[in-house]
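Hi everyone, thanks for making the time. I'd like to walk you through one model today, so let's put it up on the screen.

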Amino acid sequence: MRVGAPLRSRPRLAVDRRALSVGLLAMTATTLATGVVATIVDRTADLGPRSNWTFLLGLVVLAGWVAGGIVAGTVGRSAPVTHALVAATVVWGGWQIVAALRDASGGWATVAVNGLLAVGAGLLGGVIAGRRRR
């Protein structure tokens, strides 16, 4: 080993902003569209905590987040899981800010569970994108 040589060089991860933008857009569009449908259904059918519509619309949101993770991971070829993770975390954080401003966060347990579901769905999309690329 040479004197003055670095012990280890750290690999740098270049995050593709285009991949993040496309993933963010897909996740946000799905969440917004589902929210509009939920509002329409709630005004016509009065959604309650025991309604099956709530569960169905939640599954649609999760599927949209998986699709957004797939899109972010496909466009961000260098690190599909990282791009999907960052996109899901940013979108979830944005929705939590909106919920806090509307005073509708539902408590810390709800925030934590929603965060785990959102990031998990995004990660699943990133893993699927990484596997499809092989």
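Let's begin at Val-37, which sits in helix α1. Before I go on, please keep in mind that what you see is a predicted model. Is Val-37 buried, exposed or something in between? Its relative accessibility is 38%, so Val-37 counts as partly exposed, given that the partly exposed class lies between the 20% and 50% limits. Now look across from Val-37 to Leu-57: the two residues are 20 positions apart along the chain, and their C-alpha atoms are separated by 8.4 Å.

That takes us to the helices themselves. Helix α1 covers residues 17–45, and its axis comes within 7 Å of the axis of α2, with a crossing angle of roughly 165°. That angle makes α1 roughly antiparallel to α2, because anything over 145 degrees falls in that class. As for handedness, α1 passes α2 in a right-handed crossing.

Let's stay with α2 for a moment. This helix runs over residues 52–75, and Leu-56 is part of it. What is the relative accessible area of Leu-56? The value is 42%, so Leu-56 is partly exposed. Leu-56 also has company on the surface: together with Trp-53 and Val-60, it makes a nonpolar patch of about 270 Å². If you'd like to find that patch on the screen, look for Trp-53, Leu-56 and Val-60.

Next comes the other partner of our discussion, helix α3, residues 80–101. How do α2 and α3 cross? Their axes come within 8 Å, at an angle of roughly 135°. That makes α2 oblique to α3, because 135° does not reach the antiparallel class, which needs over 145 degrees. The crossing of α2 and α3 is right-handed.

Further along we get to helix α4, residues 108–133, where Asn-114 is found. With a relative accessibility of 33%, Asn-114 counts as partly exposed. Asn-114 and Gln-96 are 18 residues apart along the chain, and 9.3 Å separates their C-alpha atoms.

Let me finish with the whole chain. There are 4 helices and 0 strands, so if you read along the sequence the pattern is α-α-α-α. And how much of the chain is buried? Of the 134 residues, 27% are buried.

Thanks for listening, and I'm happy to go back to any of these spots on the screen.

Terms used
Residues numbered from 1 in each chain as written. Predicted model: local features only at pLDDT ≥ 70, side-chain atom pairs only at ≥ 80, totals over all residues. Heavy atoms only, no water. Patch = residues over 30% accessible without salt bridge, like charges linked within 9 Å, V, L, I, M, F, W, Y side chains within 5 Å. Areas by Shrake-Rupley, 256 points an atom, 1.4 Å probe, with all protein chains shown as cover. Salt bridge = Lys/Arg side-chain N within 4 Å of Asp/Glu carboxyl O. Helix = DSSP H or I, 4+ residues; strand = E, 2+ residues; numbered from the N terminus. Buried < 20%, exposed > 50% of the residue type's maximum accessible area, 1.4 Å probe, protein only. Axes fitted to C-alpha atoms, helices over the stretch in contact; angles between N-to-C directions. Parallel < 35°, antiparallel > 145°, perpendicular 65-115°, else oblique. Left-handed = near helix turned anticlockwise from the far one by under 90°.
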